[in-house]
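The exercises below each set a task and then work through the solution step by step. Keep the sequence and the model in view while reading.

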Amino acid sequence: MKLNQLKKGFFLICFILSYIPNSFALYSENRFEHLTTKDGLPSLRIHDIYQDSQGYMWFLTDKGASKFDGLEHQYYNTNSKVPIINNFTYDITEDDFGGIWISTEGGLTLIKNEKSDGYLKNKYLSVVLNTKLGIFALGTKYAYLFDSANKKFKQIDFLKDIDESNITD
């Protein structure tokens, strides 16, 4: 009889202990929240989500970009204090100096120190990457590499100008 009670007690303790880690997980600091336009997103059509080196979350939409600090959104669009080239945003990366590059349907925008500069205006750019060679932007017809010394993009020919082993994300 005692052995049977010990078995039941052991299983009861194991059962209770199995729920303790799960209850701590419910109160973990790592939570995911669903954000909507009611929470401040410019649109529900999210094209990219990116976390920068400062911990800000960036949401790229068809109505501009949003930088989220966990409480508030800061908006970037063609009419904002720090404007971007086009509201239809596609891709985002951060350069080695803390600049945020956003590719859009109308060119590329660099945001740094709450100022913006436009590059490759009137170019449809769907991809922007920070590579060993520098900032690389890809459009529908051409690719471009940023020359940081001249602060200009150079159009590149994949077959002649670039060694694909240098491209990493």
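**Exercise 1. List the residues that leucine 108 touches, then place leucine 108 in a nonpolar core.**

Step 1. With residues up to four places away in sequence not counted, leucine 108 touches Ile85, Trp101, Ile102, Ser103, Asp117, Gly118, Tyr119, Leu120, Leu125, Val128, Ala137 and Phe153. A contact here means heavy atoms within 4.5 Å.

Step 2. The model is predicted, so local features need pLDDT of at least 70 and side-chain atom pairs count only at pLDDT 80 or more, while totals for chains, interfaces and linings use all residues. Residues are numbered from 1 along each chain as its sequence is written, and side-chain values use heavy atoms, with hydrogens and water left out.

Step 3. Leu108 belongs to the largest nonpolar core, a set of 12 residues. The other members are Trp101, Leu110, Tyr119, Leu120, Leu125, Val128, Ile135, Ala137, Tyr144, Phe146 and Phe153. Such a core is a set of buried Ala, Val, Leu, Ile, Met, Phe, Trp, Tyr and Cys residues joined through side-chain atoms within 4.5 Å; buried means under 20% relative accessible area, exposed over 50%, and partly exposed in between (1.4 Å probe, protein chains only).

Step 4. At least two residues of this core come from each of β7, β9 (125-131), β10 (134-139) and β11 (143-147). Another core, of 10 residues, lies apart from it and has Trp58, Val82, Ile92 and Ile111 among its members.

**Exercise 2. Describe the chain as a whole: which elements does it have, and in what pattern?**

Step 1. The protein chain has 2 helices and 12 strands. Helices (H or I, at least four residues) and strands (E, at least two) are DSSP runs, numbered from the N terminus.

Step 2. Along the sequence the pattern is α-β-β-β-β-β-β-β-β-β-β-β-β-α.

Step 3. Of the 169 residues, 35% are buried. Among contacts with a separation of 6 or more, 33% are between residues 24 or more positions apart.

Step 4. The chain exposes about 11,800 Å², of which carbon and sulfur atoms supply 53%. These areas come from the Shrake-Rupley method with a 1.4 Å probe; for residues, only the protein chains shown count as cover.

**Exercise 3. Work out how strand β6 is covered and how it is paired.**

Step 1. Strand β6 spans residues 100-104, and 5 of its 5 residues are buried. Ile100, Ile102 and Thr104 point one way, and Trp101 and Ser103 the other.

Step 2. β6 runs antiparallel to strand β5 (residues 89-94), joined by 5 bridges; two strands pair if DSSP finds at least two bridges between them. Isoleucine 92 stands opposite isoleucine 102. The β5-β6 hairpin has 5 residues between the strands, and glycine 98 there takes a positive phi near 85°.

Step 3. β6 also pairs with strand β7 (residues 107-112), antiparallel and over 5 bridges. Isoleucine 102 has threonine 109 as its bridge partner in β7, and threonine 104 has glycine 107. A hairpin through 2 residues joins the two strands.

Step 4. These strands belong to an open sheet of 4 strands with the order β5-β6-β7-β8 and antiparallel pairing. β5 and β8 (115-119) stand at the edges with a single partner strand each, so one side of each has no neighbour in the sheet.

**Exercise 4. Find the salt bridges and state which partners are buried or exposed.**

Step 1. The whole structure holds 2 salt bridges, each a side-chain nitrogen of Lys or Arg within 4 Å of a carboxyl oxygen of Asp or Glu.

Step 2. One joins aspartate 62 and arginine 45 at 3.9 Å, N to O. Aspartate 62 lies in the loop between β2 (57-61) and β3 (64-68), and arginine 45 in the loop between α1 (2-26) and β1 (46-51), 17 residues apart. Aspartate 62 is buried at 17% relative accessibility, whereas arginine 45 is exposed at 57%.

Step 3. The other joins lysine 67 and glutamate 114, with the closest N and O atoms 3.5 Å apart. Lysine 67 sits in strand β3 and glutamate 114 in the loop between β7 and β8, 47 residues apart. Lysine 67 counts as buried at 12%, and glutamate 114 as partly exposed at 38%.
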